[in-house]
Structure formats: structure tokens, C-alpha cells
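Trainee: I keep meeting labels for residues and pairs. Can we go through some and check each one against its cut-off?
Mentor: Yes. Ask about each label in turn.

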Amino acid sequence: MEKEKNFFGYKAAIGAFLVIFVNLGVASTLGVFVTSLAEYSGWDLGAVGYIGTVNTVGNVILSILAVKFLSKFGAKKTMLIGVLACAIHTQFYCFATPGHNTFSLLCMYIAGFLASFCITFGTHAVCGAVIAEWFVEKRDQITGIVFSGAGFGAAIWVFLAGQLFKYMDYKGSYRVLAVLALIIGLFAVFCLIKSPKDLGQKPLGWEKAEAMEQAAAENAADLTGVDKATATKSASFWVLAAALLCVCMAGSAFMAYCPAWWQMNGFSATAASNWDALYLLLSGLVLLFVGKVTAKVSPSVFAILVCAAFVACMACMYFLGSTPTTMMMILIVLFGALAYPLNASIPGLMGQSIFGLKDSGAISATLMTAVYVGQALYAPIMARFLASEGGMASGWLFFAGAAILGMVLILVAIAISPMKKLSRN
């Protein structure tokens with residue numbers, strides 16, 4: 001156990017928590033702003049919704065660049081880019097002007113792309129690298145606490161945005177968020193993000209690092225499962241990829257458009273933000289218990305439960321148009337939170353259960369392509385529904401159907417899993 005009284009690792013962990021809290025938290029507020037952006041600029045909600053598609057494309061492109069930048073320049077400079085991009089991207093939304101002009105739409109899309117910088121340069125990858133530098137012991141525990149800043153941070157920033165709507169327009173609200181993001185983010189980067197090398201210290205548990213590495217290598221040789229090459233050649237892989245595309249597309253659509261739908265049905269911007277914050281808070285709590293649930297039920301049962309919760313949520317969203325009551329909103333938030341693993345846990349959990357642990361990291365990373373495609377598709381699909389007679393209500397029915405299809409495909413992928421063939425041999 002590290003005996004140094006001035007051990008800086010815990011302060012660095014707090015800094016990483018604050019960075020992910022700011023970057024992912026502020027970026028998550030877009031859903032409560034899209035209605036205001038559409039109304040102010042004169043562009044319809046479908047066109048404004050393409051911000052999400054631009055952001056997804058940016059995440060895919062910049063994730064590769066961020067990893068290389070992190071390895072060359074370190075966590076502090078990488079995080080600094082993320083924090084600055086977080087503040088700057090909100091200001092590009094403020095450059096919009098009334099009158100349905102192309103300049104406004106371009107500024108919004110640039111803002112969406114800049115948000116990709118704060119997500120890729122200032123969230124999980126770089127914060128995980130900081131924790132890995134400082135902790136050999138307690139690494140998993142500290143990582144879980146730091147990463148909770150993503151979910152709970154989103155809830156707090158969304159709630160704050162809703163309160164600001166009471167006193168100012170969307171531009172004023174974004175400017176306040178930008179100032180707060182800079183104050184918190186820059187304090188974290190310059191005062192708390194330091195490496196052990198900078199301070200002449202060693203990570204917590206460094207004495208055990210060599211033994212742990214040897215044990216990990218021995219355990220890796222014993223891991224069951226198939227390698228990446230075998231997995232990608234299997235029918236199960238492509239069925240699962242199609243399933244992830246469906247469920248992640250559906251889950252992303254709900255997260256992006258639920259506040260706008262609530263405002264369409266008579267809820268104020270502040271009320272919609274409050275409900276969205278409650279949904280995000282409950283979703284974060286759900287993620288804390290996902291591991292315990294999956295340890296007790298089979299992957300098939302878990303997939304059915306999560307997808308069923310999402311379908312129930314979509315049914316409530318559809319009927320909200322005729323029954324905009326508090327009880328209906330409570331049901332939407334509860335079912336939506338229970339279905340949150342569609343976005344956060346399904347890809348990794350299903351990949352491990354179907355292909356085993358042997359090459360799970362590489363397989364899950366490859367499957368993320370399907371996740372990104374799904375996240376890029378929800379906006380153009382919802383735009384088509386918004387332009388149709390059925391409107392957004394019909395969109396919710398479509399995404400409920402997508403979740404059901406995804407669930408069926410997951411069950412098929414599990415049924416033809418390569419792991420089942422290995423277990424028979």
C-alpha cells in the first residue's frame with residue numbers, strides 16, 4: 001500500500017471526474033435545446049436534429065486522432081482541448097440568427113462537430129489513462145467512481161439548463177454553461193491533472209504491478225472464447241451487429257428527441273429539462289446495478305428485459321400525445337431508465353456472452369461500428385417521420401419496432417453463438 005502522505009493520485013482522480021463531468025455533461029444538454037434552436041432559427045426540428053448525426057460522424061473520426069494525441073502529448077493537453085471545445089461549441093449555437101438561413105444551420109452543425117472534440121478528447125479514454133497512471137491497486141474502483149461523472153454529470157447539467165430557461169433565452173443559458181464549464185474544467189486541468197512522473201511519485205500499488213501483470217498474462221492464456229478473426233467470420237457476429245444497429249439507433253433517438261416531444265405536448269422547457277435530468281439520474285443508478293443483474297440472469301433474459309422496457313417506454317411516449325399527465329411522464333422516465341443499457345451496456349455484454357472473453361476487447365471495438373451507424377441513422381429517420389402526417393408519434397412506434405427486431409436478432413445471435421459450439425467440444 002502506498003505510504004506517501006502527499007500521494008497526489010486521488011486529486012488527479014477528482015480532476016478526471018470533473019473533466020468528464022463537464023465535457024459529457026454539457027454535451028448531453030443538446031436534447032433540451034433542440035426545440036429552442038429550431039424555433040429561433042426557423043429550421044424545422046428534422047433539420048436541426050442532424051446535429052446528432054454530425055456529432056456521431058465526428059466521434060468516429062476524432063476517436064482515432066484523440067488516442068494518438070493522448071499518447072504523444074499526454075492527458076493534460078488532451079483534456080485542455082476537450083474543455084476548450086466544450087465551451088466553444090456552445091457559442092457556435094449562439095451564432096444562429098432568425099430567418100431560416102443556411103449560415104445558422106452550418107453553425108449548428110459545426111457546434112455538433114466541435115462537441116465531438118469534448119467527447120473524444122475529454123471523456124472516458126483520457127480519464128481512464130489518468131487513472132491507469134496513478135493506480136495499480138483500486139483501479140477498477142476509482143474508474144467506476146470517475147466514470148459516474150458522465151451519467152450523473154449529464155443529469156446535473158440538464159437540470160441546470162432547465163432552471164436557466166426560467167430567466168433567459170437559449171443563448172443566455174448556453175453562455176452561462178460555457179462560463180461554468182471553463183471555470184470547472186480549467187481548474188481541473190491545470191490544478192489537478194498531473195502525472196506521477198511530474199511529481200516524482202509512483203502509482204498506488206506499484207510494488208504489486210509486476211506480479212499482477214504476470215498473473216494477467218497467465219489468466220489471458222486460460223480465457224475461453226474465440227479470437228477476433230473467427231468471430232467476424234461467424235453468422236452470429238453479423239446478426240449481432242444488425243441487432244446493435246437497431247437497438248442503439250432506437251435508444252439514441254429517445255435520448256435526442258424526448259425533451260422536444262415533451263415540449264410539443266405542453267410541457268415547458270424547464271419542465272422538460274427537469275424530467276430529462278431525472279431520467280438521466282435514474283439511468284446512472286441503473287448502470288450501477290447492471291453487473292449484479294447480468295450475474296443472476298442469462299444474456300437472453302437480460303436482452304428481453306431491457307428491450308421490453310424500451311418498448312413500454314415507446315408506448316407511453318406515443319400515448320403521451322393524448323394523455324400528457326404526470327403519471328405518464330413517470331412511466332416514461334422509469335421505463336426509459338430501465339432501457340438505458342441499450343446505449344451503454346448491451347454492446348459489450350452481448351459480445352462477451354456470444355464470443356467469450358478471449359478476444360472480447362477487439363471484438364467489442366469492431367462491433368462498435370454497428371453502434372455508430374445506428375447512432376448516425378436515427379436523425380434522418382426521425383426527420384422523415386417529422387415531415388409525414390404521423391409526425392414524431394409515428395417515429396416512436398417505428399423505434400419500438402426496431403427494438404423488438406433488435407431483441408429477436410440478439411436471441412438468434414446467442415442461439416448460434418460460437419461459444420455453444422466450443423462448449424459441446
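Trainee: What makes Met-79 a contact of Val-19?
Mentor: Contact means heavy atoms within 4.5 Å. In this predicted model, Val-19 meets that limit with Met-79, Gly-122, Cys-127, Ala-188 and Val-189, with neighbours within four places in sequence left aside.

Trainee: Where is Val-19, and why is it called buried?
Mentor: Val-19 sits in helix 1. Its relative accessible area is 0%. Buried means under 20%, so Val-19 is buried.

Trainee: How far is Val-19 from Glu-39 in space?
Mentor: The two C-alpha atoms are 32 Å apart, with these positions 20 residues apart along the chain.

Trainee: Which contacts does His-89 have, and is His-89 buried or exposed?
Mentor: His-89 belongs to helix 4. Beyond four places in sequence, His-89 touches Val-26, Ala-111, Leu-114 and Ala-115. Its relative accessibility is 2%. The limit for buried is under 20%, so His-89 counts as buried.

Trainee: Now Ser-41. How do you know whether Ser-41 is buried or exposed?
Mentor: Look at the relative accessible area: 0%. That is under 20%, so Ser-41 is buried. Ser-41 lies in helix 2, which covers residues 30–41.

Trainee: What makes the pair of Ser-41 and Leu-37 a polar contact?
Mentor: The Ser-41 side chain reaches the backbone oxygen of Leu-37 at 2.8 Å. The cut-off for a polar contact is within 3.5 Å.

Trainee: What else does Ser-41 touch?
Mentor: Leave out residues up to four places away in sequence. Then Ser-41 touches Thr-97, Pro-98, Gly-99, His-100, Asn-101, Ser-104 and Met-108.

Trainee: His-100 is on that list. What is noted about the phi of His-100?
Mentor: Start with the background. Most residues other than glycine have a negative phi. His-100 is not a glycine, yet its phi is positive, about 55°.

Trainee: Where is His-100, and why is it called partly exposed?
Mentor: His-100 lies in the loop between helix 4 (75–94) and helix 5 (102–121). Its relative accessibility is 44%. Buried means under 20%, exposed over 50%, and partly exposed falls in between. So His-100 counts as partly exposed.

Trainee: On to rings. How many aromatic pairs are there?
Mentor: The structure holds 27 aromatic pairs. One of them joins Phe-7 and Phe-135.

Trainee: Why is the pair of Phe-7 and Phe-135 called edge-to-face?
Mentor: The ring centres are 5.9 Å apart, and the planes meet at 85°. Rings pair if their centres lie within 6.5 Å, and planes over 60 degrees apart count as edge-to-face. So both tests are passed, and the pair is edge-to-face.

Trainee: What parts of the chain does that pair link?
Mentor: Distant ones, 128 residues apart. Phe-7 is in the segment before helix 1 (9–27), and Phe-135 is in the loop between helix 6 (124–134) and helix 7 (139–164). Phe-7 has 10% relative accessibility and counts as buried. Phe-135 has 0% and is buried too.

Trainee: What makes the pair of Phe-237 and Trp-238 edge-to-face?
Mentor: Their planes are 80° apart, and their centres are separated by 5.1 Å. The angle is over 60 degrees and the distance is within 6.5 Å, so edge-to-face is the right label.

Trainee: Are Phe-237 and Trp-238 buried or exposed?
Mentor: Phe-237 has 4% relative accessibility and counts as buried. Trp-238 has 56%. Exposed means over 50%, so Trp-238 counts as exposed.

Trainee: Which residues form a cluster through ring pairs?
Mentor: Phe-33, Tyr-40, Tyr-93, Phe-165, Tyr-170 and Tyr-174.

Trainee: Last one, the surface. What makes Leu-278 fit for a nonpolar patch?
Mentor: Leu-278 is in helix 13 (residues 269–296). Its relative accessibility is 34%, so Leu-278 counts as partly exposed. Patch residues need over 30%. The patch holds Leu-278, Leu-281, Leu-285, Leu-288, Phe-289 and Val-293, with about 490 Å² of accessible area together.

Technical notes
Residues are numbered from 1 along each chain as its sequence is written. This is a predicted model: local features need pLDDT of at least 70, side-chain atom pairs count only at pLDDT 80 or more; totals for chains, interfaces and linings use all residues. Side-chain values use heavy atoms; hydrogens and water are left out. Helices (H or I, at least four residues) and strands (E, at least two) are DSSP runs, numbered from the N terminus. Buried means under 20% relative accessible area, exposed over 50%, partly exposed in between (1.4 Å probe, protein chains only). A polar contact is a pair of N or O atoms within 3.5 Å; within protein, one must be able to donate a hydrogen and the other to accept it, and residues adjacent in sequence count only if both atoms are side-chain atoms. Patches are made of residues with over 30% relative accessible area and no salt bridge: like charges are joined within 9 Å, nonpolar side chains (Val, Leu, Ile, Met, Phe, Trp, Tyr) within 5 Å. Accessible areas come from the Shrake-Rupley method with a 1.4 Å probe; for residues, only the protein chains shown count as cover. A salt bridge is a side-chain nitrogen of Lys or Arg within 4 Å of a carboxyl oxygen of Asp or Glu. Rings of Phe, Tyr and Trp (its six-membered ring) pair if their centres lie within 6.5 Å; planes under 30 degrees apart count as stacked, over 60 as edge-to-face and the rest as tilted.
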